[in-house]
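Open the model in your viewer and keep the selection box to hand. Each stop below says what to pick and what is there.

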Amino acid sequence: MATKKLYFYSVNLLDSEGKVCNYKKVAEILKKIIEHNSVEQGEYKTLDLTDNIYEHIVWDVYEYADNKFFGRISKQKPSNSLVGRNYLDLKKKDINRSSDERVSGIEQYTYGNFDYETGIFMIVGQMGAPTELAFSDIFKRYCKDYVLELLPISNPRSIDILYNAKKPEISSVEIEIPLPSLSILQNALEWNDKEVTDNLEKRKMTAKIIVKAEGRKQLLSDKESITKGLLNMINNKMPRYKKAKARAKTESTNMREYDFFEKHFSYTIDIVNYHIENYERVYYTVDELMDIYKKNIIMAFAENKKILLTLANR
């Protein structure tokens with residue numbers, strides 16, 4: 001199972017004079033762009049955003065006609081950044097070595113989704129893949145009368161959101177502390193006084209502490225006051241922490257991660273990239289993964305829609 005972060009942006013549409021237009025006009029423009037500029041691929045349409053011929057950027061658009069614009073966004077990678085290997089004889093093989101990379105290549109990809117009704121764009125964070133700018137680049141390339149502006153939706157103090165929610169339940173807490181105390185190192189690592197002193201003098205140490213319940217149980221009892229007491233304690237000591245997270249759910253939300261230091265709103269999705277057949281892993285194809293990502297993205301948006309609309313003033 002792979003854990004991915006889904007990031008959210010509110011979309012503004014500006015005309016050539018910089019005047020803000022109704023964001024709901026974006027849907028109409030996108031539909032015209034796809035219908036007039038994309039290449040038909042059967043189950044999807046491909047839109048080319050390439051500026052530099054040696055670094056192709058492409059949208060494979062699977063849905064755009066109804067209430068959302070959903071697709072796979074790919075960015076070309078140099079073929080020498082990857083190597084193939086036969087695991088029977090362990091011989092390596094250059095990938096795409098015989099091809100002209102202006103004509104064919106390999107790509108790193110991610111997924112983006114734009115909700116027409118709310119004007120909220122979401123993208124899965126993936127190192128090496130295109131960023132959210134690939135969405136605004138559609139307008140730069142195909143509709144220069146308008147500018148598509150993407151504003152990251154800010155993350156309010158999520159510890160306050162969790163504290164003020166009804167019936168918060170915490171399953172795990174993770175904190176990172178710079179320069180842990182002598183007693184922590186002695187108790188956890190059984191270091192003697194000299195070892196502790198020598199290491200503390202270097203002042204380059206942090207300690208990560210993870211406390212979690214077994215299985216799907218709560219970390220604390222079901223008393224709301226005890227849960228809020230823990231959140232109060234974390235809040236009071238936040239200046240001492242480098243990181244602080246909690247997995248929790250409330251009366252109105254499912255279990256999710258709350259990052260108390262993150263500036264922009266995000267949501268963690270879990271992607272299963274294989275299934276078991278005859279006790280062996282069988283990895284999903286790229287097209288099968290597309291459907292898995294789509295379902296997870298839509299579910300994540302539905303679960304967070306209320307708070308996203310509030311934060312984006314929509």
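**Stop 1: the aromatic cluster**

Select Trp-59, Phe-69, Phe-114, Tyr-116, Phe-121 and Phe-135: together they form one aromatic cluster. This is a predicted model, so local features need pLDDT of at least 70 and side-chain atom pairs count only at pLDDT 80 or more, while totals for chains, interfaces and linings use all residues. Residues are numbered from 1 along each chain as its sequence is written, and side-chain values use heavy atoms, with hydrogens and water left out.

Rings of Phe, Tyr and Trp (its six-membered ring) pair if their centres lie within 6.5 Å; planes under 30 degrees apart count as stacked, over 60 as edge-to-face, and the rest as tilted. By this rule there are 12 aromatic pairs.

Now keep Phe-114 and Phe-135. Their ring centres are 5.2 Å apart and their planes stand at 40 degrees, so the pair is tilted. Phe-114 belongs to strand E9 (residues 106-115) and Phe-135 to helix H2 (residues 133-142), so the pair ties together parts that are 21 residues apart in sequence. Helices (H or I, at least four residues) and strands (E, at least two) are DSSP runs, numbered from the N terminus. Both Phe-114 and Phe-135 are buried. Buried means under 20% relative accessible area, exposed over 50%, and partly exposed in between (1.4 Å probe, protein chains only).

Swap Phe-114 for Phe-121. Phe-121 and Phe-135 form a stacked pair, 4.4 Å centre to centre with 0 degrees between the planes. This pair also links distant parts of the chain: Phe-121 is in strand E10 (residues 120-124), Phe-135 is in helix H2, and they are 14 residues apart. Phe-121 has a relative accessible area of 0%, so Phe-121 is buried.

**Stop 2: charges over rings**

Select Lys-228 and Tyr-163. Lys-228 lies over the face of Tyr-163, 5.1 Å from the ring centre. The criterion: NZ of Lys or CZ of Arg is within 6 Å of the ring centre and within 35 degrees of the ring normal. Next, select Arg-314 and Tyr-23. Arg-314 lies over the face of Tyr-23, at 4.1 Å from the ring centre.

**Stop 3: Asp-60**

Go to strand E5 (residues 57-63) and pick Asp-60. Is Asp-60 buried or exposed? Its relative accessible area is 10%, so Asp-60 is buried. Its side chain makes a polar contact with the side chain of Thr-46 (3.0 Å). A polar contact is a pair of N or O atoms within 3.5 Å; within protein, one must be able to donate a hydrogen and the other to accept it, and residues adjacent in sequence count only if both atoms are side-chain atoms. Leaving aside neighbours within four places in sequence, Asp-60 is in contact (heavy atoms within 4.5 Å) with Tyr-44, Lys-45, Thr-46, Phe-70, Gly-71 and Arg-72.

**Stop 4: a hairpin**

Show strands E14 (residues 243-249) and E15 (residues 256-259), which pair in the antiparallel sense over four bridges. Pairing requires at least two DSSP bridges between two strands. Label Ala-248: its bridge partner in E15 is Arg-256. Six residues make up the hairpin connection from E14 to E15.

**Stop 5: helix H7**

Select residues 286-311, helix H7, and centre on Lys-305, where the helix bends by about 65 degrees. That bend is the angle between axes fitted to the seven residues ending there and the seven starting there. Buried residues in H7 include Leu-289, Ile-297, Phe-301 and Leu-308. After H7 comes Asn-313, with a positive phi near 55 degrees.

**Stop 6: Glu-214**

Finish in the loop between strand E13 (206-212) and helix H6 (224-236), at Glu-214. Its relative accessibility is 67%, so Glu-214 counts as exposed. Add Ser-172: Glu-214 and Ser-172 are 42 residues apart in sequence and 9.4 Å apart in space, C-alpha to C-alpha.
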